[in-house]
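Here is a friendly walk through some side-chain contacts. Have the viewer open and follow along.

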Amino acid sequence: MDTTLFDRAAQFAIEAHRGGERRGKGFPYIIHPMEAVTIVASVTNDPEMLAAAILHDTVEDTDATIEQIEELFGARVARLVHVETAQKGASWRARRQVQIERFRHADRDSLIVALGDKLSNLRAIAADYRAMGDTLWSRFHAPEGKKDIEWYYRGLADALIPLADTTPYQEFRSLVESTFGAE
């Protein structure tokens, strides 16, 4: 397997996130993209999808631009990263609604990259909820706390349903239910 593209993407992500800390976790931010790419790798070994998974937060959370991603890693990687990048400027709920709608219309490859990110996030939320209980929800910028976070993750579960045949999606769905209760 040629890992050249992934190796370059991983190095770019490490540099872009250098000095960043995962909010509320006390460890380097890059650990999250590493977990996301591990999840994606459990579904595919496509080098461009793996590159997009490790780069998924660079445009949203660093000074990197989508144009840089395209120039360095190609149009497909840039498109996959773009689908995963949250819109800036709108309200918390409006940004999440746009993202859910984008996923409802996305191709399977984009959904796999998104699932890597969202499952990594939900694993952290579920573990923190078990440890902290309802005090966890004050960590988020969601105006209505747990109610908003639940709305978002249930919406993601519905939007990502084309991946229901994958183990990561099944884990995601199970964590939604165990964290927020059965519908």
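Is Glu 48 buried, partly exposed or exposed? Glu 48 has a relative accessible area of 28%, which makes this residue partly exposed; buried means under 20% relative accessible area, exposed over 50%, and partly exposed in between (1.4 Å probe, protein chains only).

Before going further, a word on the model: it is predicted, so local features need pLDDT of at least 70 and side-chain atom pairs count only at pLDDT 80 or more, while totals for chains, interfaces and linings use all residues. Residues are numbered from 1 along each chain as its sequence is written, and side-chain values use heavy atoms, with hydrogens and water left out.

**Salt bridges**

A salt bridge here is a side-chain nitrogen of Lys or Arg within 4 Å of a carboxyl oxygen of Asp or Glu. The count comes to 17 salt bridges, and the table gives three examples.

| Pair | N to O distance |
|---|---|
| Arg 76 and Glu 48 | 2.7 Å |
| Arg 79 and Asp 107 | 2.7 Å |
| Asp 165 and Arg 108 | 3.1 Å |

In the Asp 165 and Arg 108 pair, distant parts of the chain are linked: Asp 165 sits in the loop between helix H9 (146–159) and helix H10 (167–180), and Arg 108 in helix H8, 57 residues apart. Helices are DSSP runs (H or I, at least four residues), numbered from the N terminus. With 57% relative accessibility, Asp 165 is exposed, whereas Arg 108 is partly exposed at 36%. Elsewhere, salt bridges with shared partners join Asp 46, Glu 48, Arg 76 and Asp 109 into one network.

**Aromatic side chains**

Eight aromatic pairs are present in the structure. Trp 92 and Trp 151 make a tilted pair, 6.4 Å centre to centre with 55 degrees between the planes. Rings of Phe, Tyr and Trp (its six-membered ring) pair if their centres lie within 6.5 Å; planes under 30 degrees apart are stacked, over 60 edge-to-face, and the rest tilted. Trp 92 is buried, at 8% relative accessible area, and Trp 151 is partly exposed at 22%. Trp 92 also pairs edge-to-face with Tyr 152, at 6.1 Å centre to centre and 70 degrees between the planes. This second pair brings together helix H7, home of Trp 92, and helix H9, home of Tyr 152, across 60 residues. Tyr 152 is buried, at 5% relative accessibility. One aromatic cluster takes in Trp 92, Trp 151, Tyr 152, Tyr 153 and Phe 172.

Note on methods: Helix = DSSP H or I, 4+ residues; strand = E, 2+ residues; numbered from the N terminus.
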